[in-house]
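User: Please take a close look at one part of this protein: the open sheet and what packs around it. I am a first-year student, so explain each term as you go.

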Amino acid sequence: MTLLLVNPNRETKPVPAMPVGLLRVAEAAEREGVPVQVLDLAFASRPERLLRATIAKVKPSAVGFTVRNIDNADFRAPRFYLDEVRPLVAVARECCTGPIVIGGAGASMAPEAVRLDLGADCVVVGPGEGVVTRIHDAATGGERLPTVLFGPADHPTNPAADYARWLNLAPWKRLAAPLPVQSRRGCPRKCVYCNYAAIDGTSKYVLGDVDEVVDCIRELVERTRIPHVEFVDSTFNSPPTYAIALCEALARADLGVSLGASGITPRYASREVLEAMKAAGFSAIWCSPDTAAPETIRSYGKGFARDDLSVMARSAEELGFTVMWSFLFGGPGETESTVAETLRFAREEIPADHPVMLTSRMRIYPGTELARIVQAEGLPAPVLDPRVPGQFYLSSHVDAERLDAMLFEAHESLPNLMYLAAAQGPVVGLLQRMNGLLGRRQPTWADYAPIRRRVMKMLGRA
Ligand code: B12
Ligand code: SF4
């Protein structure tokens, strides 16, 4: 009567992502008395064979897969991850008579399409902790599962999971993987392309208890001996009062860990917030303003003011706090002049040693404002495979060739600019191994971008 939970995600770039969501579901199952086993296929040399052997041994009553990524949202170098998951689901289907359930961020974005593509029975949308008993009951003869099941966002959970217990940490450590920790769910902003409300199961904040988050980190670091934590919150610095309280508690606890976060909104990246983050142990952060032109800040629905960006860039420089900036060109309302304004901001206001990521064209995901715009413009509805033409939006007010030329020119002239594809390039793997070997923390863009950029240039990949 065991629930077998499988991590099929073999993507390790730009950062190897420990399957925090799947493991939290495993721990919720245990709390509710459901016997559970976890199979991590991230580094398996023959994943299908290992899955087959595990099912033969465990004889699970149901198999659950986490689908974190559908694609890499990269127009220039698209990857479609479901091609790797489909054969695994087929093995589960062949070897297990119980239901095959899919959950995870990717699955939550387009549940029915993912279910059909993978050939599963049910897709859980949003947090899975609150539906494990239902899955177990269905697997053991109870009421059949619906094809789509919504997980409640307010079900009790932990900020992370006991990685040392569920995972063989050796290969993760070899690539200097950080420990993912989530202090809150939800984001009330409404960026035009964003689907996080569906993934988190809520657009309202569900805030974790600050002391619990700190205790959880202390325990995780003791158990894993990995002194680097990555906050995986949709927006780490919002609400700012909570962010500051958490940072102060982390600073007081003085855990000797380096901290990172990728979800930073310029709206609340004031000097006060950045100072608190620095004092807490953050060494570098990843911020995606997407644009720096007032018109596109509005049309992308970003919810910050143009001045917030300048304040953030200045405060970060004054505090010696490196930011990895990410810009997304070609979305609704983009024109040649808004592109030029964003590139001007990158050239003139971002410190020259802060890395800047350039992404061209917006990936369209179902259920987003962008999908509605696409429909209103009479364009075809999005599908799952990013390699199918028409999956990336380009504003009709900007010429494709001109946009590409402007980005290329900026990329060639500024050493701190990179295309998104560089984040998944071969140099990243080399740096991860080097850091794993030296026992250093996960390479952050902050520390390595200039070196990486030079090496990539040498290899002709930049
Ligand atoms: C933080 C983050 C990152 C960090 C990761 C840091 C780290 N160490 O883990 C960074 C910036 C490095 C990153 C990189 C990438 N990311 Co990212 N990332 C996120 C983010 C914001 C949070 C993910 C997370 O950990 N959530 C916290 C956990 C607890 O939640 P969860 O995984 O969703 O799990 C819950 C439920 O989904 C469910 N559940 C999960 N599994 C299962 C299984 C079963 C059986 C059940 C029932 C339920 C269930 O229950 C869980 C607990 O509540 C999400 C967006 C989001 N809001 O989710 C994007 C997101 C997951 N990333 C995405 C992408 C594309 C990527 C990259 C491919 C980007 C790129 N081109 O490089 C890489 C891939 C990295 C990799 N190794 O896989 C996409 C994936 C969807 C897609 N487009 O296909 C997302 C959704 C963003 C988006 N909207 O596009 N990412
Ligand atoms: S701030 Fe981030 S999480 Fe919030 S809506 Fe915008 S992209 Fe989504």
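Analyst: Here is the sheet, followed by its helices and the nonpolar core. This is a predicted model, where local features need pLDDT of at least 70, side-chain atom pairs count only at pLDDT 80 or more, and totals for chains, interfaces and linings use all residues. Residues are numbered from 1 along each chain as its sequence is written, and side-chain values use heavy atoms, without hydrogens and water.

The open sheet has 7 strands, in the order β7-β10-β11-β12-β13-β14-β17, with parallel pairing. Strands are DSSP runs of E, at least two residues; helices are runs of H or I, at least four. Two strands pair if DSSP finds at least two bridges between them. β7 (179-181) and β17 (417-419) stand at the edges with a single partner strand each, so one side of each has no neighbour in the sheet. From one strand to the next, the twist averages 20°.

Now look inside the sheet. Strands β13 (residues 322-329) and β14 (residues 356-360) run parallel, joined by 5 bridges. Trp325 has Val356 in β14 as its bridge partner.

Next, the helices. α10 (residues 210-224) packs on the sheet and touches β7 and β10 (228-231). Its direction makes about 165° with that of β7. Helix α17 (residues 400-413) lies across β13, β14 and β17, at about 135° to β17. Contact means heavy atoms within 4.5 Å. Axes are lines fitted to C-alpha atoms, for helices over the stretch in contact; angles run from 0 to 180 degrees between N-to-C directions.

Finally, the core. A nonpolar core is a set of buried Ala, Val, Leu, Ile, Met, Phe, Trp, Tyr and Cys residues joined through side-chain atoms within 4.5 Å. Buried means under 20% relative accessible area (1.4 Å probe, protein chains only). The largest core has 93 residues, and Trp325 is among those touching the most other members.

Note on methods. Chains lettered and ligands numbered in written order. Buried < 20%, exposed > 50% of the residue type's maximum accessible area, 1.4 Å probe, protein only.
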